[in-house]
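Biologist: Could you take me closely through the aromatic rings of this protein and what surrounds them? I would like one connected account rather than a list.

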Amino acid sequence: MAGPSDRDGTSSRSPTLIVQAPESLRRTRSKAVLTTAAGTQTARVHAIAPNEIVTMGRGDDCTLRFDDASVSGSHARIVMVAGEYVFGDNRSTNGSYVNDVRVDSAVTLKDGDRIRLGPHCLLRFNIVDEDEEAALKRMYEAALYDGLTRVYNRKHFEDRLDVEVAFAARHATELSVIVLDVDHFKRINDTYGHSAGDAVLRTTAQVMAHGLRQEDLLARYGGEEFVVVARGISVHNAMLVAERLRNSIASTMIPFEEHLLHVTVSAGVASLRCCAQRADKLTLFNMADQRLYAAKQAGRNRVVGV
C-alpha cells in the first residue's frame, strides 16, 4: 500500500537522518597506562599489556624500576584479575598508597587513581585510547630529551646526578662526570650560520652517544656544552673515555650544504673521590667544569682531569 502523499504527489514522510559520530567520539578507552607523576623519572609512561604482571621497585628485575632508597627492592605490583587491574603492596618497608590511603590488601584501580610508593614516587593510573597514550609518550620525551640533539636535557641530567651520587654513596662505588665543550663554536655560527651550528651539535652528540656504554648518561647541558655521567669508573678511566670521545669528534667531518665542517672539543673530568672535602653533586660538577676551563686555557682540544 502506498503511503500518504502531499497534494503534489510526493511522500509526506520525513527523510531518515543519519548522523555519524566523529572518529574522536567513537574511540574506546581500553589501554591501561601508568605515568610517573613525581620523582626522578617524572612523566615516564608505561603501557600495561593485557595480562601483564607489572612489578615496581628498586630491583633490577622490576618492570618499573625506581632508583630511590625509600622504595623497596620489590615494592608493589599490578595484575589483571577478571578484566580489572588490581594493585597490591609486597610488604614494602615504607608502604604503598592509593589516593593517599595506605594499601593493606588488594585494591581494584579506577581511571585517575593516584599511586604512591613510599614518600616520593608518585604514579597515576589511567585508561586511555591510542591517541591519548601517544600524546602522553610525546610529553614524556619532551620532558626528557633535548629537542635538537635528542640526547637527555639538562633537567634530566641534574635529576639523574642526584640519584647517581646517592647510589655511589650507598654502595661505595666510583662515579665520574665529564663536561665537554665544542671549541670555537661561535666561529661556526658566525661563518656558516646557526643551521651549521645545529648540524655540528647534532653530529657531535651522535658521535659521543656511539662512544659510550649503555649505562652512561649523555646530556646537553646548554649551548655547545655536554655532560657525561659515568657510573662505576675512576677519574683516570673517565679521562680515557673523554680522550676517546675527543679523538672521535676531531676525526669526524660534518657535512653542511657544500661544506665539510671540522670541530674539536675540550673536556674536564672529575670523580666523587676527587671531592675530598665535600663529595656531593654540586662539588663534583663544579670541579669537572673548572677542569674544562683549564683545558680551554691550555689551548683547547684536550682533556684535563687531575
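Modeller: What follows is a walk through the aromatic rings, and then through a loop and a helix that belong to the same picture. Please keep in mind that this is a predicted model.

The structure holds 5 aromatic pairs. In one of them, the ring centres of Tyr 85 and Phe 125 are 5.6 Å apart and the planes meet at 55°, so this pair is tilted, since planes under 30 degrees apart would count as stacked and those over 60 as edge-to-face. The two partners come from distant parts of the chain, Tyr 85 lying in strand β6 (residues 84-89) and Phe 125 in strand β11 (residues 121-128), 40 residues apart. Tyr 85 has a relative accessibility of 11% and therefore counts as buried, and Phe 125 is buried as well, with a relative accessible area of 1%.

Tyr 145 and Tyr 152 make a stacked pair, with 5.1 Å from centre to centre and 15° between the planes. Tyr 145 counts as partly exposed, at 25% relative accessibility, and for Tyr 152 the value is 25%, which likewise makes that residue partly exposed.

Thr 149 belongs to the loop between α2 (130-144) and α3 (154-171), and at 7% relative accessibility this threonine counts as buried. Its side chain is joined to that of Asp 146 by a polar contact of 2.7 Å. Once neighbours within four places in sequence are left aside, Thr 149 is in contact with Leu 201, Arg 202, Ala 205, Arg 220 and Phe 226.

Two further rings carry a charge above them. The charged end of Arg 116 sits over the ring of Tyr 97, at 4.1 Å from its centre, while that of Arg 231 sits over the ring of Phe 167, at 3.8 Å from the centre.

A further aromatic cluster is formed by Phe 157, Tyr 221 and Phe 285, and Phe 285 leads us to helix α7, where this phenylalanine is one of the buried residues. Helix α7 (residues 281-297) has 17 residues, and from its first C-alpha to its last it reaches 25 Å, close to the 24 Å expected at 1.5 Å a residue. Besides Phe 285, the buried residues of α7 are Leu 284, Met 287, Ala 288, Arg 291, Leu 292, Ala 295 and Lys 296, a list that includes an arginine and a lysine. Just after α7, Gly 299 takes a positive phi of about 125°.

Methods:
Residues are numbered from 1 along each chain as its sequence is written. This is a predicted model: local features need pLDDT of at least 70, side-chain atom pairs count only at pLDDT 80 or more; totals for chains, interfaces and linings use all residues. Side-chain values use heavy atoms; hydrogens and water are left out. Helices (H or I, at least four residues) and strands (E, at least two) are DSSP runs, numbered from the N terminus. The expected span of a helix is 1.5 Å times one less than its number of residues. Buried means under 20% relative accessible area, exposed over 50%, partly exposed in between (1.4 Å probe, protein chains only). Rings of Phe, Tyr and Trp (its six-membered ring) pair if their centres lie within 6.5 Å; planes under 30 degrees apart count as stacked, over 60 as edge-to-face and the rest as tilted. A charge sits over a ring if NZ of Lys or CZ of Arg is within 6 Å of the ring centre and within 35 degrees of the ring normal. A polar contact is a pair of N or O atoms within 3.5 Å; within protein, one must be able to donate a hydrogen and the other to accept it, and residues adjacent in sequence count only if both atoms are side-chain atoms. Contact means heavy atoms within 4.5 Å.
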